[in-house]
Amino acid sequence: MTLVKTSIGRRSFIRTTGLAGGGLVLGFSWLASCKGKTEAQVMQMPKEWFDINGFLKVGENGLVTIMSPNPEIGQNIKTAMPMIVAEELDIDWNNVLVEQAPLNTAIFTRQLAGGSQSIRQGWEGLRMAGATARHMLKTAAAEAWQVPIDEITTSPGMLHHEASGKQAGYGDMASAASQLDIPEEVELKDNDTFSIVGTDRKNVDGPKIVTGKPLFGLDVYEEGMLTAMIIHPPAFGMTFTSMDADAAKAMPGIKDVFLVDVYPEGVEKQWSDGGGIPQLVAIVGESTWQCIQAKKAVKVQWEKSGTLEDSDYHEAALTEMLDTPVEAPARADGDVAAAFKKAAKVIERTYSAPFLAHNTMEPMNFYAHVTPDMAVLNGPIQTPEFLEKTVAARLDMPLEKIDVQMTRMGGGFGRRLYGHFGVEAAVISQKMNAPIKLVYTREDDMTQGTYRPAYKVRYKAGLDEAGNLIAWHVKGVGTNDDLIFENRFPAGAVDNYLAEKHNLTSNVTTGAWRAPRSNFIAGAEQSFMDEVAEASGKDPIDFRLELFDRAMTNPVGDPEKNDYDPARYAGVLKLAREKSGWDGGTNKNRGVSAYYCHNSYVAQVLDLTMDGNKPMVDKVWCAVDCGIVINPISAKNQVEGGIVDGIGHATYSQLTFVDGVPQQKNYDTYQLIRGAEAPKEVETFFVDNGIDPTGLGEPSLPPISGALANAMYKATGRRYYQQPYILQKPIVG
Amino acid sequence: MATFTLNINGESREIDVDPNTPILWVLRDHLNLVGTKYGCGIAQCGACTVHLEGTAVRSCMLTVSSVGNQKITTIEGLSENGDHPVQKAWLEVDVPQCGYCQAGQIMTASAFLEKNPNPTDEEIEMAMNGNICRCGTYIRIKKAVKIAANTNNA
């Protein structure tokens with residue numbers, strides 16, 4: 001039994017809220033967690049961590065409603081997070097209703113959407129909320145029956161007093177419980193008594209999704225709403241000069257065509273404004289199709305205002321930076337130069353990856369209705385609180401007059417962290433003095449992105465006579481990004497270790513894309529590791545395990561600095577080895593990879609057959625350590641999706657530029673993986689260790705491109721250094 | 001602009017639009033049937049799939065003037081209570097992640113199984129290959145189509 005405090009100092013994680021209606025209503029912070037922190041540290045935590053942003057209600061009918069405050073982008077937290085509350089409350093899952101909460105009502109003061117962090121950061125707070133409600137219901141029953149509270153037990157939705165034989169439903173005690181003070185401390189269930197957490201629960205929105213109910217931003221409809229579209233500069237490095245919109249304005253249904261100053265000088269922007277373009281042309285009309293037609297009829301003149309970059313330039317500039325000394329290393333252990341000199345074998349390889357668009361299946365869009373009194377916005381957004389700030393600054397309205405609501409999102413992958421489209425919608429609505437829904441075409445979406453940066457990384461490894469890794473040098477560069485995590489593996493496992501990084505400034509806008517940086521560096525590192533292991537004459541899994549063993553037993557440098565737990569890392573690798581039958585396996589087209597990011601550990605073994613230059617993956621065995629698994633059926637879905645997504649982007653996808661113009665504008669030229677190219681089978685195995693849970697939205701994606709490249713090498717005899725693999729030129733390395 | 005009478009989900013619907021308007025936008029903007037999704041507008045992703053006389057078609061490139069009185073079925077009309085074998089299989093397997101492409105996937109699968117009730121794995125793969133899912137739920141999609149086929153044959 002674990003006891004948790006419900007408040008620290010004067011700050012309370014939980015309180016009864018003033019909602020109308022009977023029953024017990026508790027407000028709580030979904031992200032409240034003071035675990036492992038001192039009171040002083042807790043008092044320094046951001047105030048919003050204590051703000052009420054979720055609530056649960058035990059109705060007099062015994063039904064429990066849980067308001068889910070966090071936006072749903074397909075990671076299925078809308079199901080998983082309420083499962084945690086229901087577990088501690090001790091209620092039948094069938095009697096739980098889950099609702100999506102809006103931002104900024106009287107009840108909710110703050111909502112966050114963090115990549116792969118929702119479950120990790122929400123775990124304790126959610127348990128506390130459920131346990132508090134259960135405790136208060138027990139207290140109410142104890143008072144009603146005049147018995148000590150420790151004689152009250154619960155079964156799903158029921159309160160019992162065994163000695164007297166009395167029992168009552170939660171609903172019967174809910175109103176009485178709501179009159180009680182919040183307990184200062186509540187007990188949490190023992191993990192081995194869980195009956196909801198760790199069991200398969202279907203997506204709570206599943207029935208609506210399969211019947212086509214309006215759930216997404218593009219489905220928003222309000223009376224009198226107009227449609228808006230945009231024309232953005234055709235190239236990065238160009239800006240608007242003039243336009244002739246007469247023909248477009250005369251077209252049926254078109255209300256107006258005008259220049260939009262989205263971000264005039266002096267307006268305070270947030271990081272979340274990402275690749276937002278200061279000036280755009282807006283087309284507003286009665287219907288989407290009319291706007292699409294009018295868009296083609298507008299003649300816009302653009303002028304060069306910056307460098308017009310192309311892919312050849314990116315390639316050359318990234319390479320040049322790899323050859324340019326850094327001012328100071330990100331991490332240096334031992335003396336790599338000396339170690340390379342005395343090494344029996346030295347291997348050096350360079351890996352590269354192109355820009356990628358996010359390509360959420362639902363293109364960017366947002367609804368806005370701005371009046372002098374109020375700005376109402378609604379749509380798919382991962383960062384509603386930041387959108388609210390920029391909109392307030394841009395419209396010069398106070399924050400309390402900005403109301404941002406959230407829809408389900410047709411994919412996020414990081415793209416909807418950057419909510420410039422919401423600002424654009426607000427400005428267009430204000431100009432039109434009407435409710436509008438801004439809709440990007442797929443072409444708009446793909447060519448005005450906040451892309452995954454283009455990357456290049458060079459590895460150099462030294463082996464001694466016995467095949468031991470004695471030196472490791474990694475140097476990486478990305479566009480507007482420096483790529484390298486200097487304290488990740490194999491830092492701490494090699495005596496002589498040097499990590500260096502550069503950042504190439506580019507006017508092609510970039511940002512977070514599912515598992516930022518890890519999405520490329522994991523595959524590059526694990527491909528290189530495979531090549532080094534081969535040169536050492538050792539089995540690739542044994543080679544890695546030796547390094548983890550070194551990091552465990554005799555770490556290099558300060559072990560606190562190392563951003564991984566070698567025991568858990570080795571654990572998933574051993575599990576993948578066992579489950580895939582690695583030892584004695586007969587399939588020679590087999591690759592392995594392991595990576596740690598977003599607080600979870602993943603190891604994968606992949607078997608494939610080549611179909612020409614196309615890898616057809618027969619099976620992936622995936623071992624995952626994310627601590628306690630909340631909802632296995634959905635957790636496996638995330639793992640499978642990450643693997644498919646990772647194989648697809650590493651093999652097929654790229655965004656290239658000529659004179660600043662994106663060359664892929666739609667799915668006829670931008671290749672995404674399709675069903676026939678997906679692995680035939682993915683089998684997922686979770687490490688059962690009872691450790692507090694971590695996220696799964698990202699961790700299965702990064703390593704798979706390494707396992708794939710390593711298996712392709714077995715099949716073709718060629719190493720793969722350039723993504724997308726399918727386009728790699730025959731002579732490489 | 002011109003007036004068209006369309007047969008959608010068993011109902012007769014009259015609309016006044018440009019003859020070149022794709023059925024996708026007729027459904028979404030004029031009839032408030034938003035289950036059919038916009039993904040690419042060039043028949044590459046399958047998110048907009050509907051049935052035209054029982055055949056899966058991409059509504060983003062199907063102009064309203066070309067339809068005549070042929071029957072259109074959208075995800076909203078696939079079954080009365082969301083209990084079409086394909087919809088049930090989708091829930092059983094818990095296919096969706098973000099869910100955006102799934103209506104199109106289900107419409108492709110249901111039309112396919114109508115014509116080929118007993119497909120091989122390869123036939124399922126080929127039939128579903130025109131529908132993109134960025135979340136990467138393909139493995140579950142194939143499994144659900146297989147389950148739906150077996151239900152139909154049971």
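This report walks through how the two chains and their domains meet in a predicted model.

**Domains**

Chain A comes in three parts: domain 1 (2-210), domain 2 (217-306 + 364-439) and domain 3 (325-356 + 451-727). The contact between domain 1 and domain 3 of chain A takes 19 residues from domain 1 and 20 residues from domain 3. On the domain 1 side of that contact, α2 (77-89) and α3 (118-145) of chain A each chip in at least two residues.

Chain B splits into domain 1 (2-77) and domain 2 (85-153). Their centres, taken over C-alpha atoms, sit 21 Å apart. Here 15 residues of domain 1 of chain B are in contact with 13 residues of domain 2 of chain B. Both β3 (49-52) and β4 (55-58) of chain B supply at least two residues each to the domain 1 side, and β3(B) gives the most, with three residues.

**Where the chains meet**

Between the chains, 48 residues of chain B are in contact with 50 residues of chain A. On the chain B side, the elements giving two or more residues are α1 (23-30), α2 (85-93), α3 (102-115), α4 (121-128) and α5 (138-153). The largest share, five residues, comes from α5(B).

Here is how three of these contact sides break down by residue class:

| Side | Nonpolar | Polar | Charged |
|---|---|---|---|
| Chain B, touching chain A | 25 residues | 15 residues | eight residues |
| Domain 1 of chain A, touching domain 3 of chain A | six residues | 10 residues | three residues |
| Domain 1 of chain B, touching domain 2 of chain B | six residues | eight residues | one residue |

**A look at α5(B)**

How far should the 16 residues of α5(B) span? At 1.5 Å a residue the expected figure is 22 Å, and the end C-alpha atoms are 23 Å apart, so the two agree.

The buried residues of α5(B) are B:Y138, B:I139, B:R140, B:I141, B:K142, B:A144, B:V145, B:A148 and B:A149. They pack against parts of both chains: α16 (632-651) and β32 (682-686) of chain A, along with α2, α3 and α4 of chain B.

**A glycine in a loop**

A:G511 lies in the loop between β26 (496-504) and α13 (518-536) of chain A. Is A:G511 buried or exposed? A:G511 counts as buried because it has 21 C-beta neighbours inside 10 Å, where 20 or more are needed. Setting aside neighbours within four places in sequence, A:G511 is in contact with A:G274, A:G414, A:L417, A:Y418 and A:T450. As for A:T16, that residue is 495 residues from A:G511 in sequence and 40 Å away in space, C-alpha to C-alpha.

Methods
Residues numbered from 1 in each chain as written. Chains lettered and ligands numbered in written order. Predicted model: local features only at pLDDT ≥ 70, side-chain atom pairs only at ≥ 80, totals over all residues. Contact = placed C-beta atoms within 7 Å. Helix = DSSP H or I, 4+ residues; strand = E, 2+ residues; numbered from the N terminus. Nonpolar A, V, L, I, M, F, W, Y, C, P; charged D, E, K, R; others polar. Expected span 1.5 Å × (residues − 1). Buried ≥ 20, exposed ≤ 12 C-beta atoms within 10 Å, placed from the backbone. Domains from an automatic or database assignment.
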